[in-house]
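Here's a quick tour of one model, written for someone who likes to poke at coordinates. Have a look at the structure first, then read on.

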Amino acid sequence: MSDSHLRSFLSGLSANPGGSDHPAGKYVMKAAPGLWYEKISTWVVCFYTGCVFIMGLALAGQATPISGIDEEAHFKRALMISEGIFFAPRFGPNDWGGELDTRILGYTDWFHERMFHTSALAAGREEAGVLALKLSQEPRRFRRESFPSTASYAPVPYLPAAAGLLISRISGASVDVQFMAGRVLNIIFYSISMFFVYYLMPRFKLLALAVLTTPTAVHLSASYSADPVSNILAALFVAYWLRLFLNEAGQPLRVGQMAALSALAFLLCMTKIPFIILILQIIFIPLHSGKSRWNDLAVKAVMTGIPVAGGLAWNAAYPFVPGRYWGSGADPHATLQLLFHHPLIQTKVLMADIRDHLWSWWVDGFSRFCTGPLPYYFVVDGAVPVIGFAALAGICLTEGGALPRRWPGVLLICSGLAFALLNLIAFKVGFAPPGAAYITGLQGRYFIPAWLCVSAGIGLLVPGRLWLRSAAVLCFAVYAGVVIRVFAHMMPLYTPWWH
């Protein structure tokens, strides 16, 4: 036997311990499914992400200004940040805002009037273009605007859209182009960040991509909403946390790795306070430092303490109560008293709310579009969200392809459920009236990070088989088909908005 044949035989034997009559041949047979999985999944992912990006750009151009989900208030916060105002001035109790450019406000006000105060749809592109040109030629003035529901947010989730507004304004673009530039920069940032999530995820790459590209998530990324940035930061944090946790080689974490994870945690905590639940997962990462347990705990305390302190400090400076602003009858003090003095009754109310609305939250987070009165509001229901959920569950149960990892799986499930529960409690305290039978104000898009954590956690508990990963690609292809079908159904519905 030649040296080359011997090396080939030994490599096959080492890849298939336990041996057989033809170990090298068995190794080739076992490797083939993985090879096909990698090739097919690469083509499917490339095609799908390209379609998602194109659909997002089309949606950004087809949806009229401020018709995205809660887009008007988010746009004003991004516009303020583009002017270099990161800390909103206080106008009164539970009220913040700022001085904004009247030219672009005049453009969005025109669409607001047609959406909320007249029975007519938005006028044609030509009429809107004439208005934009006229407003762009006016001298720059500023108008005081109150929008505490977003002015109380930290600048982090608005930086991509604000960058688009700033760049277009400096270049001398008209106000309609400026508005579009903010949307486009948001979806470009979201798409690029999805690539990094896909790269960082040690497992469940298709699952993460599927959760981040529900039709509603893509719609949000093509608007001024803060949710795309907060959701993508949550996905980046989970992906990097899981990558460091599944450190199979057992190598000590480098300072750069710990700093990167802590930086992601800080950015995430500066978007929404419930993300503190996800950040606390840092405590359970094995550092493999070889030093004392107390030393490792001190390092983890710093990694979690700084982000948590930053998030709490911002919320202490801007203690916005949404129910008081929207007039929903919220009384945080009275609701907290009910929670403390009647915990069993309130738990039953909470469980009943989850039982009755769990599916509607999925539909709302999967295939809801736009805001405002009809016809500016769409929900694609029926079989579409059912097939989407089934395909997502199929990806979750088949993509693992390796031995189960129970401890990180349990951590992800618990943190995802705790994040969802904290959102429920936050809306019960800050938005719903005391003693209400249901928690009002909740939208399905708030649970997207929880879906990622719980589904990835379940996947880590399921024993993986290499051949099942081909089934994961099939499930992902079905999911991609559902998403593309939703957009094919939706785009014609926007046509009457421009007439």
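## A tryptophan at the surface

Let's start with Trp407, which counts as partly exposed because its relative accessibility is 47%, and the label covers the range between the 20% and 50% cut-offs. Keep in mind that this is a predicted model. Trp407 sits in helix 19, a helix that spans residues 406–430.

Trp407 also has company: together with Leu280, Ile283, Phe284, Trp294, Leu297, Val410 and Leu461, Trp407 makes up a nonpolar surface patch of about 760 Å². Which helices supply at least two residues each to that patch? They're helix 14, covering 293–317, and helix 19.

## A three-stranded sheet

Now for the sheet. It's an open one, built from 3 strands in the order 1-2-3, with antiparallel pairing. Strand 1 (90–92) and strand 3 (142–146) are the edge strands; each has a single partner strand, so one side of each has no neighbour in the sheet. Going from one strand to the next, the twist averages 40°.

Zoom in on strand 2, residues 95–101, and you'll find 5 bridges linking it to strand 3, with the two running antiparallel. If you want a concrete pair to click on, take Glu99, whose bridge partner in strand 3 is Arg144.

There's a helix to look at here as well. Helix 3, made of residues 71–82, lies across strand 2 and strand 3, and it runs at about 65° to strand 2.

## Two residues with positive phi

If you scan the backbone torsions, stop at Phe204. It isn't a glycine, yet its phi is positive, at about 60°. You'll find Phe204 in the loop that connects helix 8 (175–200) with helix 9 (205–212). Is Phe204 buried or exposed? Its relative accessible area is 1%, so Phe204 is buried, the cut-off for that being under 20%.

Cys370 is another non-glycine residue with a positive phi, this one about 65°. Where does Cys370 lie? Look in the loop between strand 4 (368–369) and strand 5 (378–379). With a relative accessible area of 0%, Cys370 is buried too.

Technical notes:
Residues numbered from 1 in each chain as written. Predicted model: local features only at pLDDT ≥ 70, side-chain atom pairs only at ≥ 80, totals over all residues. Heavy atoms only, no water. Pairing = 2+ DSSP bridges. Helix = DSSP H or I, 4+ residues; strand = E, 2+ residues; numbered from the N terminus. Axes fitted to C-alpha atoms, helices over the stretch in contact; angles between N-to-C directions. Contact = heavy atoms within 4.5 Å. Patch = residues over 30% accessible without salt bridge, like charges linked within 9 Å, V, L, I, M, F, W, Y side chains within 5 Å. Areas by Shrake-Rupley, 256 points an atom, 1.4 Å probe, with all protein chains shown as cover. Salt bridge = Lys/Arg side-chain N within 4 Å of Asp/Glu carboxyl O. Buried < 20%, exposed > 50% of the residue type's maximum accessible area, 1.4 Å probe, protein only.
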